[in-house]
Amino acid sequence: MTPEDLAHLRRARDQIDRDYAQPLDVPRLARTALMSTAHFSRQFRAAYGETPYNYLMTRRIERAKALLRRGDLSVTDVCVAVGCTSLGSFSSRFTELVGESPSAYRARDHRASASIPACYAKLMSRPARAST
């Protein structure tokens, strides 16, 4: 992979990080990276270890965890706020990555982690798949 390819992939990854709540699909991200859809998907996985869709969903679940810890939004409101269109798919993916349902996560006491700086909390609470 060339440094130019990596720069284009970073541009697409940055778009996911910035616009995670917007409707994003692989063809749109591939255009951002100036690559064909298939080439972009292969190169993204090679560079970042997961597919563009999985990376997007990881970002959405990270944000969902933060919103659920606040406790002032319903699971449905959080689902919509992070850009998911199906509550069932959101709940399934959340449970897969976090190990408990969004409702159970929201109901837990999160006061102990309230004093942890956000940058550390994000790093420590990043969802991870068991294996892909």
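Let's start at the second largest pocket, whose lining divides by class into 8 nonpolar, 3 polar and 2 charged residues. Keep in mind as you click around that this is a predicted model.

**Stop 1: the pocket**

Select Pro23, Leu24, Asp25, Leu56 and Arg60: of the 13 residues that line the second largest pocket, these lie nearest its centre. The space inside comes to about 150 Å³. Now colour by helix. Which helices each supply at least two residues of this lining? They are α2, residues 26-32, and α4. The largest share is from α4, with 4 residues.

**Stop 2: from α4 across to α1**

Stay with α4 (residues 52-70) and bring up α1 (residues 3-19); the two axes come within 9 Å and cross at roughly 30°. With an angle under 35 degrees counting as roughly parallel, α1 and α4 are therefore roughly parallel to each other. Turn the view to look through one helix at the other, and you will find α1 passing α4 in a right-handed crossing.

For the side chains, show Arg13, Ile16 and Asp17 on α1, then Pro52, Tyr55, Leu56 and Arg59 on α4, where the two helices meet. This contact is made up of 4 nonpolar and 3 charged residues, with no polar ones. Leu56 is a residue to recognise here: it belongs to this contact, and it is also among the residues nearest the centre of the pocket from Stop 1.

**Stop 3: α4 against α6**

Next, select helix α6, residues 87-98. Is α4 roughly parallel or roughly perpendicular to α6? The two pack at an angle of about 90°, with their axes 10 Å apart, and that makes α4 roughly perpendicular to α6.

From α4, display Tyr53, Asn54, Met57, Thr58, Ile61, Ala64, Lys65 and Leu68; from α6, add Phe90, Arg93, Phe94, Leu97 and Val98, which they meet. By class, this contact holds 9 nonpolar, 2 polar and 2 charged residues.

**Stop 4: back to α1, and on to α3**

Return to α1 and select helix α3, residues 37-48. Here the axes come within 10 Å and cross at roughly 90°, so α1 and α3 are roughly perpendicular to each other.

On the α1 side, pick Asp5, Leu6, Leu9, Arg10, Ala12, Arg13 and Ile16; their partners on α3 are Phe40, Gln43, Phe44, Ala47 and Tyr48. The classes here are 8 nonpolar, 1 polar and 3 charged. Before you close the viewer, centre on Arg13 and Ile16: both take part in this contact with α3, and both also appear in the contact with α4.

Notes. Residues numbered from 1 in each chain as written. Predicted model: local features only at pLDDT ≥ 70, side-chain atom pairs only at ≥ 80, totals over all residues. Heavy atoms only, no water. Axes fitted to C-alpha atoms, helices over the stretch in contact; angles between N-to-C directions. Parallel < 35°, antiparallel > 145°, perpendicular 65-115°, else oblique. Left-handed = near helix turned anticlockwise from the far one by under 90°. Contact = heavy atoms within 4.5 Å. Nonpolar A, V, L, I, M, F, W, Y, C, P; charged D, E, K, R; others polar. 1 Å grid on protein atoms, 1.4 Å probe; cavity = no way out; pocket = protein on both sides within 12 Å on 5 of 7 lines; lining within 4 Å. Points joined across faces, edges and corners; volume = space filled by probe spheres on them.
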